[in-house]
Amino acid sequence: MDFQTLIAPLLGIIETGGPVVAILIACSVLAVTVTLYKLWQFYRAGVGRHVVLRQSVNLWDQNQHAPAIEALNRSNSYLAPVIRTAYYVRDTAPSDLSARLEAEAEARFLKLERGFRFLDNVAQLAPLLGLFGTVLGMISAFQSLQDAGNQVDPSILAGGIWVALMTTAVGLAVAMPTSLVLSWFEQRMDAERVFAGQVIQAVVAPSESWSEKQPSANAA
């Protein structure tokens, strides 16, 4: 099966649906590309995989500073440099140090969240583009019906409506999975912010029971 055979159905849909469907398909390809890139970026950054980092913070909270630093050096978490700063910068007021660490963590969050706005735009605009294509198709269908005059063929109207509604279907097919993917990404980043806030406060203002407050199992 050659490449031309594979893309023939796609080309048929584009030819039938017109430029609106072509735009929607292009948006879907870009959305898939961004999604795959974000998954790769999350994996490389160690998003959700903070087991070693949590162990390091637990040790620091128990005043075992040398083992805590050793454990931190083994962590692949993107938050490790933020916690390392907290370990070595101890001559700063806790409130100032906390603000500095939170700013550094937020800068890393922003890098991980790049591309979210594009996915959000696709999720919101795809149904509107589909509706726009439907309106254009209905206008074309009724115009063809008017041009037919007294020789009205119901298939002219039915065919035009079918083509028009296809654009709405394509728009929804693009928007729904994109919205689900974006929702998962945002939920993942919300959890990362909560975790970062916990470990920063644990290092800046350690308490004897911080490790007891942590869930028994977190994302590995």
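**Salt bridges**

I searched the whole predicted model for salt bridges. The search gave four.

I looked at Arg 100 first. Its salt bridge partner is Glu 104, with 3.4 Å between the closest N and O atoms. Both residues sit in helix α6, four residues apart, which is about one turn of the helix. I then checked how open they are. Arg 100 has a relative accessible area of 40%, so I noted it as partly exposed. Glu 104 has 22%, so it is partly exposed too.

Next I looked up Glu 106. It forms a salt bridge with Arg 193, and the closest N and O atoms are 2.6 Å apart. Glu 106 is in helix α6 and Arg 193 is in helix α8, so this pair ties together parts that are 87 residues apart in sequence. Glu 106 is partly exposed at 30% relative accessibility. Arg 193 is partly exposed as well, at 28%.

Which other side chain does Arg 193 meet in a salt bridge? I found Glu 113, at 2.5 Å from N to O. This pair also links distant parts of the chain: Arg 193 in helix α8 and Glu 113 in helix α6, 80 residues apart. I wrote down Glu 106, Glu 113 and Arg 193 as one network, joined by salt bridges that share partners.

**Aromatic pairs**

I went on to the rings. The structure holds six aromatic pairs. I picked Phe 116 and Phe 185. Their ring centres are 5.6 Å apart and their planes are at 20 degrees. Planes under 30 degrees apart count as stacked, so this pair is stacked. Phe 116 belongs to helix α7 and Phe 185 to helix α8, with these positions 69 residues apart in the chain.

Are these two rings' residues buried or exposed? Phe 116 counts as buried, at 10% relative accessibility. Phe 185 is buried at 1%.

Phe 185 also pairs with Trp 184. I noted 5.4 Å centre to centre and 65 degrees between the planes, an edge-to-face pair. Trp 184 is partly exposed, at 44% relative accessibility. Ring pairs link Phe 42, Phe 116, Trp 184 and Phe 185 into a cluster.

**The nonpolar core**

I turned to the largest nonpolar core. It has 45 residues. Leu 79, Ile 83 and Tyr 87 have the most contacts inside it. Seven helices are listed as each supplying at least two residues, among them α2, α5 and α7. Helix α8 gives the most, with 14 residues.

I followed up Tyr 87. Leaving aside neighbours within four places in sequence, Tyr 87 is in contact with Ser 56, Val 57, Trp 60, Ala 68, Ile 69, Leu 72 and Val 203.

**Helix α7: a glycine and a patch**

I looked up Gly 133, which lies in helix α7. It is buried, with a relative accessible area of 7%. How far apart are the C-alpha atoms of Gly 133 and Val 21? I read 7.7 Å, although the two are 112 residues apart along the chain. Beyond the neighbours within four places in sequence, Gly 133 is in contact with Val 20, Ala 164 and Thr 167.

Last, I checked the surface. Leu 131, Phe 132, Val 135, Leu 136 and Ile 139 form a nonpolar patch there. Together they have about 460 Å² of accessible area. I chose Ile 139, found in helix α7 (residues 116-148). At 51% relative accessibility, Ile 139 counts as exposed, because exposed means over 50%.

Methods: Residues are numbered from 1 along each chain as its sequence is written. This is a predicted model: local features need pLDDT of at least 70, side-chain atom pairs count only at pLDDT 80 or more; totals for chains, interfaces and linings use all residues. Side-chain values use heavy atoms; hydrogens and water are left out. Patches are made of residues with over 30% relative accessible area and no salt bridge: like charges are joined within 9 Å, nonpolar side chains (Val, Leu, Ile, Met, Phe, Trp, Tyr) within 5 Å. Accessible areas come from the Shrake-Rupley method with a 1.4 Å probe; for residues, only the protein chains shown count as cover. A salt bridge is a side-chain nitrogen of Lys or Arg within 4 Å of a carboxyl oxygen of Asp or Glu. Buried means under 20% relative accessible area, exposed over 50%, partly exposed in between (1.4 Å probe, protein chains only). A nonpolar core is a set of buried Ala, Val, Leu, Ile, Met, Phe, Trp, Tyr and Cys residues joined through side-chain atoms within 4.5 Å. Contact means heavy atoms within 4.5 Å. Rings of Phe, Tyr and Trp (its six-membered ring) pair if their centres lie within 6.5 Å; planes under 30 degrees apart count as stacked, over 60 as edge-to-face and the rest as tilted.
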